[in-house]
Amino acid sequence: MWRYILKRLLWLIPIILGVTLLVFALMSLKPGDPGRVYLGLNATQEAVDAYNESLGLNDPFFVRYFNYVKGLIKLDFGKSWVGGESVNDRIMSALPQTLKVCVYALVVAFITGLPIGILSAVKQYSLADRVLTIIAMILACIPVFWLCNMAAMLFTLKLHWLPATGLDTWKAYIMPVIGTAANTIGLTVRMSRSSMLDEMRKDYIRTARAKGAKEGSVIFKHALRNSLISVTTTLGVNFSILMGGTVFVENVYAIQGLGTCIVRSISNNDVPMLSGCVIILATFSVIVNLLVDLLYAYLDPRLRAKYVGKKKVAKARKEALNDAN
Amino acid sequence: MENKLLELKDVRVKYHTLDYDVMAVNGVSLELNKGESLGLVGETGAGKTTLALSILGLLPKGVGEVYEGEIIFKGEDLLQVPEKRMRDIRGMHISMIFQDPMTSLNPVYTVGDQIAEVLQLHGNKHPDERVDEILGLVGIDPSRKVCYPHQFSGGMKQRIVIAMALACEPDLLLADEPTTALDVTIQAQVLAMIDDIQKKLGTSMILITHDLGVVAETCDKVAIMYAGEIVEYGTLHQVFDKTRPHHPYTVGLFGSIPDLSSDKRRLEPIYGMTPDPSDLPEGCYFSPRCNHCTELCKQKGAAIHVSEDGHMLKCHLFTQENKEAAE
Amino acid sequence: MKKFLALILALVMALSLVACGEKAPADDGAADDGVKDTIRFQIKNEPTSVDLQNDGTVLGGFICDQIYGKLVTFNDKSEVVGELAESWEWNDDFTQITFKIRENAKFSDGSDITADDFIYTFSTDSAKANTYMAPIASMEAPDAKTLVLNLKSSNSSMLKFLTTYHTGVVPAGSMEATDIARGATAYSGPYALAKWELGQDMVLEANPYWYNAENVAIKTVDYEFIADENSALVALESGEIDFMYMASTIGITSVETIATNDKLATIAADQATAGMLCLNFAMPELDDVNVRQAMNLALDRAAIAKVSTTGVPGGNVFTAEYFGDDYIPGHDAPAVDLEKAKEFMAASGYPNGFDVELKTPVMFSKAAAIVQSNLAELGINVTITEIDASIWVDSMIKGDYQMGFMTFGNLINDLTGFINLYDPAAALHFNFDSDSTSFDLMSAAFSVSGADRTAALTEFADFCEADLPYLGLFMENAIYGYNADLYVPTPSGCGYDIAGMYWK
């Protein structure tokens, strides 16, 4: 299994190279002058030119790219073109905030979405099922920006229960986390509901009942374990989307996270910052996908053979033959 | 009387759908004694599986309903007992095995765990020994109990299912076409094994099948089912005896079997198709397909005739008057 | 199943550990004796640097204004008054200023602020590249508290240049010792940067050695970075922030909301920012002065101002309140006069009108629509192209535009920056090359003072009215929202004055 993990992680290298090349190429198409952005309209042209020269902007494309990659190998993401702050520092301060919100959101989505989906499936066609399905659909479609603003109006302005901005106290986490989680909750409810419905129709459920298992055991021990496979996949893929999509939530709740960083670096034409953020996102995407695959194998024994090395399989086979003889 | 294990009295089952009701079982009465095995034969859609599921209370909730009749097992009417008692009975006193072994086992738990589960559900706190024992009984190496279902072949899976069903040594085993999904050589093995265990443990069995050959090998009694009714019932010899009179459907069934010893070059299938259980014909359900159909048949459901030695036929042909008329 | 749950639990706990290190909740600023001395100040985004000489961004500028002291500053009547300098003297031909630095002017670490510190600060590489210090030829320090600036040429505007934070002072030798973008070793302004945690927190503490420290009531300034105006308004209304600044003004809806809430108040600061239509004189139709006069008389400035800003309509750059003694009366924007406009069009080389493209940033699209309908009356067919603000500057440099919406700020400090837009040699310019005057006149107007200056400025103002190198539209207002319990002095040309605020 470790060899498999290593192989997957090695894929990070071509992915990062490809992603950064794309960022460099696309941003060089966008007109805009980092020197002018930073120094302002009042600065002389010489000052702007000097600044741009110091950033190395007059070098040809591949020279710049090569220097950037050299820096990456040393894990140095370079300096921002707007003011020269270290991209590493900025990302180190922005990432934990976004990550916290996203992880909590994922956990919340899982904890609320899964039981509701199960309830919906087990009591299919009942009033509860119909109401919950409608709520899930609304949550899945609701525009996050609107939801966040409305929540702030209600809970901060009217009720004074929660703070408006920032992540200072545990109360401050509530609105951003739920805002981020909203769409995913809807998705999880629908996924787990349909997945449970599928599993409950299967033959092994009938076998379990025929053995005299209690209905609770049938649902939670037998069906759930199987339906978790597709739910996990969905949530895992969704996490990458969550990370990139926190822009709205961060904007409304004034969280200085990755989303804010990305938007600002695009409008400032700040390539190193943007590139750094995108690399982080890509890396997380790869890692999360890997975790999901591993979790998948843990949940579904049919897939485990993939992760066991070929040598191991041959060895096991030999042993079995010897036993048989 | 102590010998009587299971008695079905005029059991009727229907399925509710949005537009209409599906009349799956229309008045079945049967008896089964300890140690006996009954073959329940019929085409697809005859209601055999429904009947078996009704015995165990496994009909889809809200959709399937036993609206008439009694199912008396060791003195208890299973249709009246609380759900908790039914759970005790399932797996412990009455077990069921199903048709498709490929999907009958939970893919994410080891076979050892799944067998242990049925033992733990019925009070055995330390099932390991028993699991090994029962696996040995069905011919599987106990060291493989840590393997997952997908690591076994079809025939072995079915054996595991049988092991699960028999782990608690139930009084009654309901086997719903256990070998239909297997190829012929494995089929023979499995049947032989079932037979063997059954004799060893003294388990009664209802074997549902459409294959008369299987019945011939393993069963003491035979019931022929058509459109939710038992149309013929008797011992193996009684039903298979070509010299006796039989229900026209039974005749048709036997006629559909290829016979190596015969010179016939063509099979004689039964004309027509099994009726739609949501739209059963007037009168006798078999009348549209019967060679001996009369006006009476078309109007009134068939009468039941039982001979002295217990051979039951449900057909107008065999009422006293007609018999005499035929003779 | 149990193992699976344990795995999930372990994962969540591990990530929570990553998460630890939460900021302690901000206190409400009550000092021991119960008098509030903390203000929570909202700005739009976290600045990327507090390098006073390099950072042209508005964000960094806010902070720099508070932590770096300068020789002189503006008061709320747009007069130049002394800050770190207690007095100054020009020589006769305005080529030399001698400043007397206050005796009690000290850095936040207690050391004296001397003329040598100023000379060091004004001699760095970035200082030399900065427009504000460009007029300086050489500097002298006859004694510790006397600073002499020798200018390259006669330039009475130099005093005004010295009011920006770009001309603030840091301890001699400190730029090499530390990364100035992250902060200085010691601060010369009313406040010092006490804490800057990237992405979290920026806090200023009052500088105890500020020459006027005993009159500074607010001891702690806690900056909050809230980019969304709605969120900032919610934070203000719920008492989480005390002062709402946005980028330079809050929007009209926020103003209305605050007006209905008696716990909050607004204050307007006249901005030295002009909104204007810029014309690319390379286009022959726009090069025709009759066309420009016609357009000038067709624009409904009142309507345009209403949808663009909380400010006032304006034509000429020299509006009284901002320019103090540089104000030249009699050049206000004309009222709409379509008849006369049409006469001008008839007299021009394009009596039937023409097509022109107007590039506008999204925030001025409503104004652009009004311009479009105004000019349509003259047969001028305007197509509006919305562009990103960052692309507009690029288009200007490349000359890739015909008409463009623009705001130009800091006019009070630096008219030469504005003048540069008409220098054909500059990178950013409007291709302006009129026959009736030359660029020299314009630049000369700002390098003299006294009666000569007034005469030159009058000539410049007359020229602008006759030749219309640009079409002025409005003068922006900046409106800030704040907690009504706070006393906020009238903002000056240098912006808000935290050192002058106090809790009532």
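User: In this predicted model, over how many bridges do β6(C) and strand β7 (residues 146-151) of chain C pair?

Analyst: It's a predicted model, so take this as computed geometry. β6(C) and β7(C) run in the antiparallel sense, and C:Asp143 stands opposite C:Thr146 in β7(C). The number of bridges in that pairing is five.

User: Which strands stand at the edges of the open sheet in chain C?

Analyst: Four strands make up this open sheet with antiparallel pairing, and their order is β4-β5-β7-β6 (chain C). A strand with a single partner has one side left without a neighbour in the sheet, so the edge strands are β4 (85-90) and β6 (136-143) of chain C.

User: And what helix lies across β5 (96-101), β6 and β7 of chain C?

Analyst: The helix in question covers residues 115-122 of chain C and runs at about 160° to β6(C). Its name is α3 of chain C.

User: Over in chain A, is α9(A) oblique or roughly parallel to α11(A)?

Analyst: The axes of α9 (residues 170-200) and α11 (residues 215-244) of chain A come within 8 Å and cross at roughly 140°. Angles over 145 would count as roughly antiparallel. The crossing angle therefore makes α9(A) relative to α11(A) oblique.

User: What's the handedness of that crossing, and how many charged residues does the contact of α9(A) with α11(A) have?

Analyst: The crossing of α9(A) and α11(A) is right-handed. Among the residues making the contact are A:Leu187 and A:Met191 of α9(A), plus A:Ser227 and A:Leu235 of α11(A). By class, the contact has 10 nonpolar and 10 polar residues, and the charged ones number two.

Key:
Residues numbered from 1 in each chain as written. Chains lettered and ligands numbered in written order. Predicted model: local features only at pLDDT ≥ 70, side-chain atom pairs only at ≥ 80, totals over all residues. Heavy atoms only, no water. Pairing = 2+ DSSP bridges. Helix = DSSP H or I, 4+ residues; strand = E, 2+ residues; numbered from the N terminus. Contact = heavy atoms within 4.5 Å. Axes fitted to C-alpha atoms, helices over the stretch in contact; angles between N-to-C directions. Parallel < 35°, antiparallel > 145°, perpendicular 65-115°, else oblique. Left-handed = near helix turned anticlockwise from the far one by under 90°. Nonpolar A, V, L, I, M, F, W, Y, C, P; charged D, E, K, R; others polar.
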